[in-house]
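This briefing introduces a protein model to a reader who has not met it before. Please keep the sequence and the structure in view while reading.

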Amino acid sequence: MEILDGKKISNQIKEEITVEVAQMKERGEKVPHLAAVLVGNDGASLTYVGSKVRSCKKIGFESTLIHLPEETTEEDLLKQVHQLNNDPAIDGYIVQLPLPKHIDEEKVLMAVDPDKDVDGFHPTNFGKMALDMETFISATPFGIMELLKRYNVDTEGKHTVVIGRSHIVGRPISILMSQKGKPGNSTVTLAHSRTKNLKELTLQADIVISALGVPRFLKADMVKEGVTIIDVGITRVADDTKEKGYYITGDVDFDNVSKKASFITPVPGGVGPMTIAMLLKNTLLARERHNN
Ligand code: NAD
């Protein structure tokens, strides 16, 4: 069994980006600038945005955090989005999800300029991704593809079962895994909450990508020997014995499933850090595209 070490690979990617940014600086060029918009004080969102901004600093990007109060109206958030669209200093930005209930997420994401949409959530970018065109691939599926690539995991002709059909993980990764390419060329089954025979499907899978958000959902008796496991799930489980009052766990019963797996991602330290690295990669791409 080999661990797909997202922490290690994400550090490699960040080092590669750091070198490119240093070269940009040497050439007297503007360095990439990522902005993040956060509305409200959701604990997990604060953590995610904080680590995105810190990562920018470490690799030499400029970054701006726009932290708006929970009561921000949809209209004011849309104004902020338009401002970012029109600000030439900003190469790319993200609007951290989830947004408070009184704001229509779809409306906000539709307002983001696709050329600055480094999260790859805009329909234009999602559509381009589905058509194999140059785009911003959303960071989590992009990170999974990069991890498989850098560990040379053979995906060609393999049966990949994706669990979860969200717009940000399950659906896009199912498309990417079926596309021509390396990684890719997989035969994909997309399973979701209405799937009736999930265990039958996962038992046939050479690769399982789990993105549902239920702690330790995928058990050892649901997978075959030699399977490759990508665990996207990140769930905070309350635990008074921990300093933070919770611990983080994935969708996979790691201790038992790892005994049967040929490759497996841990949680934490698997897909999570790759997501941040690929957001930075997309921001670098945005800068390069704006240069051209
Ligand atoms: P979501 O919460 O929007 O949707 C969950 C999906 O799982 C749905 O499509 C649903 O049909 C499916 N599902 C639920 N119960 C099921 C069941 N019993 N059997 C089969 N399918 C079932 O999904 P999301 O936003 O993609 O998030 C999934 C998990 O991934 C969460 O834990 C989230 O925190 C995590 N996540 C991690 C990263 C990362 O960077 N590693 C990024 C995004 C999401």
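How many bridges join strand 1 to strand 11? Two bridges do so, and strand 1 and strand 11 (residues 261-264) run parallel. The model discussed here is a predicted one. The points below cover an open sheet of six strands, the surroundings of strand 2, the ligand and its shell, and the contacts of Asp 91.

**The six-stranded sheet**

- The open sheet has its six strands in the order 1-11-8-7-5-6, and the pairing is parallel.
- Strand 1 (2-3) and strand 6 (187-191) stand at the edges with a single partner strand each, so one side of each has no neighbour in the sheet.
- At the pairing of strand 1 with strand 11, Glu 2 has Phe 263 of strand 11 as its bridge partner.
- Strand 7 (residues 207-210) pairs with strand 5 (residues 159-163) in the parallel sense over four bridges, and Ile 163 stands opposite Ser 210 of strand 7.
- Strand 7 also pairs with strand 8 (residues 227-231), in the parallel sense and over four bridges; here Ile 209 has Ile 230 of strand 8 as its bridge partner.
- In a regular strand, side chains alternate between the two faces of the sheet.
- In strand 7, Ile 207 and Ile 209 point one way while Val 208 and Ser 210 point the other way, and all are buried.

**Strand 2 and its partners**

- Seven of the seven residues of strand 2 (residues 33-39) are buried, so the strand is largely enclosed by the rest of the structure.
- On one side of strand 2 the buried residues are His 33, Ala 35, Val 37 and Val 39, and on the other side they are Leu 34, Ala 36 and Leu 38.
- Strand 2 pairs with strand 3 (residues 62-68) in the parallel sense over seven bridges, and His 33 stands opposite Glu 62 of strand 3.
- Together with helix 2 (residues 43-59), strand 2 and strand 3 make a right-handed β-α-β unit.
- Strand 2 also pairs with strand 4 (residues 92-95), in the parallel sense over four bridges; Val 37 has Val 95 of strand 4 as its bridge partner.

**The ligand and its shell**

- There are 19 residues around the ligand, and Arg 165, Ser 166, Ser 193, Ile 234 and Thr 275 come nearest.
- By class, the shell around the ligand has nine nonpolar, nine polar and one charged residues.
- Helix 10 (residues 271-291) gives the most to this shell, with three residues.
- An oxygen atom of the ligand lies 3.0 Å from a backbone N or O atom of Ser 193.
- A polar backbone atom of Ile 234 is likewise 3.0 Å from an oxygen atom of the ligand, and a polar backbone atom of Val 232 is 3.5 Å from a nitrogen atom of the ligand.
- The ligand taken alone exposes 860 Å², of which the protein buries 70%.

**Asp 91 and its contacts**

- Asp 91 has its place in the loop between helix 3 (74-86) and strand 4.
- Is Asp 91 buried or exposed? Its relative accessibility is 0%, so Asp 91 counts as buried.
- The side chain of Asp 91 is joined to that of Arg 287 by a polar contact of 2.7 Å.
- The side chains of Asp 91 and His 290 are joined by a polar contact of 3.4 Å.

Technical notes:
Residues are numbered from 1 along each chain as its sequence is written. This is a predicted model: local features need pLDDT of at least 70, side-chain atom pairs count only at pLDDT 80 or more; totals for chains, interfaces and linings use all residues. Side-chain values use heavy atoms; hydrogens and water are left out. A residue is near a molecule or strand if one of its heavy atoms lies within 4 Å of it. A polar contact is a pair of N or O atoms within 3.5 Å; within protein, one must be able to donate a hydrogen and the other to accept it, and residues adjacent in sequence count only if both atoms are side-chain atoms. Accessible areas come from the Shrake-Rupley method with a 1.4 Å probe; for residues, only the protein chains shown count as cover. Ala, Val, Leu, Ile, Met, Phe, Trp, Tyr, Cys and Pro count as nonpolar, Asp, Glu, Lys and Arg as charged, and the others, Gly among them, as polar. Two strands pair if DSSP finds at least two bridges between them. Buried means under 20% relative accessible area, exposed over 50%, partly exposed in between (1.4 Å probe, protein chains only). A crossover is right-handed if, with the strands pointing away from the viewer, the path from the first strand over the helix to the second runs clockwise.
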